[in-house]
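Hi there,

Here is the structure I promised to pass on to you. Have it open while you read, and my notes will follow below.

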Amino acid sequence: MGKSRISNNIRKLRFNHSEMTQQQLAERVGVTRQTIIAMEQEKYSPSLELAFRIALVFGVPLEEVFSYDAGAVKANEA
Amino acid sequence: MSFQQKNITLSLVNFILILGFFLFRLIQMFNSDSFTPASVFRLWGITIGLAIVVTIIGTILTHIVSAIIEAIRTGNEDPKIEDFEDERDQLIDLKGTRITYTVSSIGVFLSMLTFVFDQPPLVMFTLLIFFGVVAQIVGDISRLVLYRRGF
């Protein structure tokens, strides 16, 4: 399974929030550290609920955490 | 390696050992001409019993060993183990279960095929348990692969 079309800024946002560790973020959103690692490596796309919980922790809108590569979809459809 | 991965690895090792035991006993039966309904159904019972008992003991052991390793690593006498299943764990488990069922279904189909080739029902029953264990092994391997890939 390759990288997903959903990219994210979780790592950058963690560092901007007092260098929050992966473990701290995992505990605050209720997942394991391995899931945070998989998301940061863009190997796993979270559910909508988890995505909102992560955005809430950082206090930013969802679009600032996650972005969707629509170009890749169009390229695949062409 | 997360708690779930350790648990799956232990399950994989257990089921490989159970498969080894099953095949070993089966070869013994063929060599001693004791491939009879009584001995095959006894082996069925032992294999299923072993699978249940070993799975329960394996889960308990994983908890204990994880707690000991975590206690040594952190120096905390009451270590916290991440033994809960989050959404990714549940999805990986679902995919693994689907693969297990697929292999199991193919196994049941192949076992039924033995009737086409005029084999006695005993062969079908033996193949059923064999494919059941193999399906569990393939499911565990696929779960581990999914964990290694991220999802």
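Which residues make up the largest nonpolar core? This is a predicted model, and in it that core has ten residues: A:Ile10, A:Leu25, A:Val29, A:Val31, A:Ile36, A:Ala38, A:Met39, A:Tyr44, A:Ile54 and A:Val65. Two elements of chain A, helix H2 (22-29) and helix H3 (33-40), each give two or more residues to this core. H3(A) supplies the largest share, three residues. Try clicking on A:Met39: leaving aside residues up to four places away in sequence, A:Met39 touches A:Asn8, A:Ile10, A:Tyr44 and A:Pro46.

Now for chain B. Helix H2 (residues 37-74) of chain B has 38 residues. From first C-alpha to last, H2(B) reaches 54 Å, close to the 56 Å expected at 1.5 Å a residue. Buried in H2(B) are B:Val40, B:Leu43 and B:Thr62, and what covers them includes helix H1 (3-31) and H4 of chain B. Just after H2(B), B:Gly75 has a positive phi of about 75 degrees.

Helix H4 (residues 121-149) of chain B has 29 residues, so at 1.5 Å a residue it should span 42 Å, and its end C-alpha atoms are indeed 42 Å apart. Here too a glycine follows: B:Gly150, just after H4(B), takes a positive phi of about 110 degrees.

Finally, how do the chains meet? Eight residues of chain B are in contact with twelve residues of chain A. On the chain B side, one of these residues is nonpolar, two are polar and five are charged.

Enjoy exploring!

Key. Residues are numbered from 1 along each chain as its sequence is written. Chains are lettered from A and ligands numbered from 1 in the order in which they are written. This is a predicted model: local features need pLDDT of at least 70, side-chain atom pairs count only at pLDDT 80 or more; totals for chains, interfaces and linings use all residues. A nonpolar core is a set of buried Ala, Val, Leu, Ile, Met, Phe, Trp, Tyr and Cys residues joined through C-beta atoms within 7 Å. A residue is buried if 20 or more other C-beta atoms lie within 10 Å of its own, exposed if 12 or fewer, and partly exposed in between; C-beta atoms are placed from the backbone. Helices (H or I, at least four residues) and strands (E, at least two) are DSSP runs, numbered from the N terminus. Two residues are in contact if their C-beta atoms, placed from the backbone, lie within 7 Å. Ala, Val, Leu, Ile, Met, Phe, Trp, Tyr, Cys and Pro count as nonpolar, Asp, Glu, Lys and Arg as charged, and the others, Gly among them, as polar. The expected span of a helix is 1.5 Å times one less than its number of residues.
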